[in-house]
Amino acid sequence: MNPIKKIVIGILLVCTTGLFVYSTSKKVVLLDKVESFVLPSAIDFANEKTPLHIVDVRERLDREMVINTHLHSTTTLILKRANRVFPIIEPILAKYGIPDDFKYLAVIESGLVNVVSPAGARGVWQFMPQTAKEQGMEVTDLVDERYHLEKSTEAACKYLLEAKNKFGSWTLAAAAYNGGMGGINKQIENQKVSDYYDLLLTEETSRYVFRILALKEIMKNPVKYGFDIPTEQLYHPIETKKIEVDSTITDLAVFAKGLGINYKILKLHNPWLRDKKLDNKSKKLYVLEIPTEGY
């Protein structure tokens, strides 16, 4: 190759590489700007103001905001699920007079899916077996209503109302959902203060309300925090019809086929059915949900 031609090609390669590096570095800078944020100047939980002028309070909120804005896959999935789950939770909260902000408590408990904790708590609202039974839910090997979204939401409402009546604060009621009413009450008595933001609590409970606040802020302003999800990519509610059952079902797979669906679809929409059958000698009335489309 002609030496002059080699020099020209080399110069062009250097220039092109420089442009690529410059372009790439600019993209990184722009991305950093998108991912950075300024804490809100004011925030509240259930209309109870968070005292951000207190240094440790502000820094605890900052911690949860930083963590959850950078948990991209987790937060993205939560935003998608919320579009389907919140319309079920919100009217139940309203029915019981529970502030709407408590839907974000369900978010931090489970990510809005039926999960099982190492301690044995289950469902979207993460009830332990005994607490679930105390709130009127059926918990057996065949039926576990902790997996029933409507019934577990109602049970959570009853617990939260009891905690609010005990402590006089929705913020402390939320903390008690994590730390237990007895645990919160003991710390109030020991520390001689009655405000969540003044109490020194366990690591998990001290972070609990701040995680709720962080998810509330991010989910109410997703684009501001880098989560611009097109509407068509959200998970939309699935239309269902209700089927009443007051007798034993010996084989749920055969039962599902008779309804024009399959076992998988039946269990996905009725996760509280925990076995392959439903023994019902007492003739208890159960209501199953069957999708009308989308399967």
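Student: Is Trp272 buried or exposed?
Tutor: This is a predicted model whose residues are numbered from 1 along each chain as its sequence is written; local features need pLDDT of at least 70, side-chain atom pairs count only at pLDDT 80 or more, and totals for chains, interfaces and linings use all residues. Side-chain values use heavy atoms, with hydrogens and water left out. A residue is buried under 20% relative accessible area, exposed over 50% and partly exposed in between (1.4 Å probe, protein chains only). Since its relative accessible area is 4%, Trp272 is buried.

Student: How many aromatic pairs does the structure hold?
Tutor: Rings of Phe, Tyr and Trp (its six-membered ring) pair if their centres lie within 6.5 Å; planes under 30 degrees apart are stacked, over 60 edge-to-face, and the rest tilted. The number of aromatic pairs in the structure is ten.

Student: Which kind of pair do Tyr197 and Phe210 form?
Tutor: Their ring centres are 5.7 Å apart. Because their planes stand at 75°, the pair is edge-to-face.

Student: How many residues apart are Tyr197 and Phe210, which link distant parts of the chain?
Tutor: Helices (H or I, at least four residues) and strands (E, at least two) are DSSP runs, numbered from the N terminus. Tyr197 belongs to the loop between helix H8 (181-191) and helix H9 (203-220), and Phe210 to H9. Their separation along the chain is 13 residues.

Student: What is the relative accessible area of Phe210?
Tutor: Its partner Tyr197 counts as buried at 6% relative accessibility. Phe210 is also buried, and its relative accessible area is 0%.

Student: Which kind of pair do Trp272 and Tyr286 form?
Tutor: The centres of these two rings lie 5.7 Å apart. Their planes are at 20°, so the pair is stacked.

Student: In which strand is Tyr286?
Tutor: Trp272 lies in the loop between helix H11 (263-269) and the strand that holds Tyr286, 14 residues apart. Tyr286 is buried, with a relative accessible area of 5%. Its strand is E6 (286-291).

Student: How far apart are the end C-alpha atoms of helix H3 (residues 72-95)?
Tutor: The expected span of a helix is 1.5 Å times one less than its number of residues. For the 24 residues of H3, this gives 34 Å. The distance in the model agrees, at 33 Å.

Student: At which residue in H3 does a kink lie?
Tutor: The bend at a residue is the angle between axes fitted to the seven residues ending there and the seven starting there. In H3, a kink of about 50° comes shortly before the proline Pro87, at Val85.
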